[in-house]
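Here are my notes on how the copies in this model sit against each other. Have the structure open while you read.

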There are 4 protein chains.
Amino acid sequence: MSVVELRVRYQETDQMGVVYHSNYLVWCEVGRTQMLREIGMSYREVEAAGIYLPVHEVNCYYKKPAKYDDIILVKTVAKNLSGVRLDFDYQIVRKEDKQLLAEATSCHVFADDNGRPVNIKKKAPHLWKLLKAELSEGC
Amino acid sequence: MSVVELRVRYQETDQMGVVYHSNYLVWCEVGRTQMLREIGMSYREVEAAGIYLPVHEVNCYYKKPAKYDDIILVKTVAKNLSGVRLDFDYQIVRKEDKQLLAEATSCHVFADDNGRPVNIKKKAPHLWKLLKAELSEGC
Amino acid sequence: MSVVELRVRYQETDQMGVVYHSNYLVWCEVGRTQMLREIGMSYREVEAAGIYLPVHEVNCYYKKPAKYDDIILVKTVAKNLSGVRLDFDYQIVRKEDKQLLAEATSCHVFADDNGRPVNIKKKAPHLWKLLKAELSEGC
Amino acid sequence: MSVVELRVRYQETDQMGVVYHSNYLVWCEVGRTQMLREIGMSYREVEAAGIYLPVHEVNCYYKKPAKYDDIILVKTVAKNLSGVRLDFDYQIVRKEDKQLLAEATSCHVFADDNGRPVNIKKKAPHLWKLLKAELSEGC
């Protein structure tokens, strides 16, 4: 599991006085980028190698609202790895009181720069090994 | 069903050359606002009456990418109405070729300005009637 | 002058209960895209031709706050055209009461896909003619 | 001068492959929030005390594009303090190569929760003292 910390920006709030719901998905992006970095796989370099991880599906369950200036922990784990697919689970937690604010999942496919599916085992075996090593429960 | 049209903004794209995935949720917001307006229930006035519709859960399935300058149709239907809850289904369609780009669902609770659940049947019977009339498949 | 209409999204508000200030710049983008379209110059096609209009400078003066669900008019005029540069002035007006909410200016350079300046007179004479015809005060 | 560090999010890029220009203003918000925090003035608490700092004017000059995953330093200084006004200057710098990417200024007024100007010397003398101490060049 990877953990990354961020602070809620004023821009992320809405007139309900809490964080607008779609911003949690951006925080998930920050979380999975950090997770990939920690296993030695900078997503910037992944794209430079011609491999993309477009989002195929997202789910997010909102439990408690995040507020302006809160320090947020994004906890990310990868799952469901195959040659053509990778999913992530996220927990969005407020640091101060350890309150779980939201839980999310995103599902991704490996694609080339035209959006066509690629098999990462063949296209980028070094990335495959890094991911495989991280996911004991992988497939 | 309500349909609202919007055009993809440059700001909504990302370096993959397509619309960043969380923006589809913003388009869903535009869709449900329009649906509520069409049944005579301006969400601005709903909030002015002290009732809020925070998002409890969202799901979005991405099928084809939206691109800059595309004209997008957001098709919205309400469902699962009860005194304390209301859900919406969305279809995100590109106008030009009628391509279905994404399907989404959002689940909402009725809340007061402190985020506490309220029963709209009691708190705002006129809004309840408007929603009830719209949803033949109601609860 | 070009005029385009948009409606304020909930996502664009912040906890002050008004539109977050950086969103006005996005509306300016909507305005200049529309202006270019009206003179026969789809910015999508401009980019497809390998010409980009990155922003070099922006100024925005906020007079009255835009609010959720307001219908906004973005009035755009082009100015300061040269082979390597193009600027735009914007007025952001609330439709209902004709209130001027903000005034902005953006300055752009013509660039290639590596961000290097190009002279549009040479690189895309047909676009130069379209712009020149629009700007009587051009240079 | 205050310095805060952030990493460019994928969501902040656009299809030009660089950060969309309006996001620099959000980074400036992060910068001034940090500066206020460092002088003992949490903006969250400022608002809780009924004082707001709406943006009256912004200027931003873009010199070099920020890119995905860049680590950015936002350097913020306050200036032009009076009882009713406060401005900030910002430098947006890429950490890796110390490249200056953008320079910006934002001008703010002190306002109450209805957006009416207030004199912070009277309304919140403790905040006035904190700011006055920070700004030797104050007025």
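1. First, a term: two residues are in contact if their C-beta atoms, placed from the backbone, lie within 7 Å. With that in hand, 100% of the interface residues of chain B are also interface residues in chain C, so these copies meet through the same surface.

2. A word on the model and its labels. It is a predicted model, where local features need pLDDT of at least 70, side-chain atom pairs count only at pLDDT 80 or more, and totals for chains, interfaces and linings use all residues. Residues are numbered from 1 along each chain as its sequence is written, while chains are lettered from A and ligands numbered from 1 in the order in which they are written.

3. Back to chains B and C: 10 residues of chain B are in contact with 10 residues of chain C. On the chain B side, helix H1 (residues 23–38) gives the largest share, 3 residues; helices here are DSSP runs of H or I, at least four residues, numbered from the N terminus.

4. Now the symmetry. Chain B superposes on chain C after a rotation of 180° with 0.0 Å of shift along the axis, RMSD 0.0 Å (least squares on the C-alpha atoms of residues with pLDDT of at least 70 in both copies). That is the relation of a two-fold axis. In chain B, the C-alpha nearest this axis belongs to B:Leu6, 4.5 Å away.

5. What about chains A and B? A turn of 180° and a shift of 0.0 Å along the axis lays chain A on chain B with an RMSD of 0.0 Å. In chain A, A:Asn59 comes closest to that rotation axis, its C-alpha at 2.2 Å. Here too, 100% of the interface residues of chain A are also interface residues in chain B, so the copies meet through the same surface.

Methods: Helices (H or I, at least four residues) and strands (E, at least two) are DSSP runs, numbered from the N terminus.
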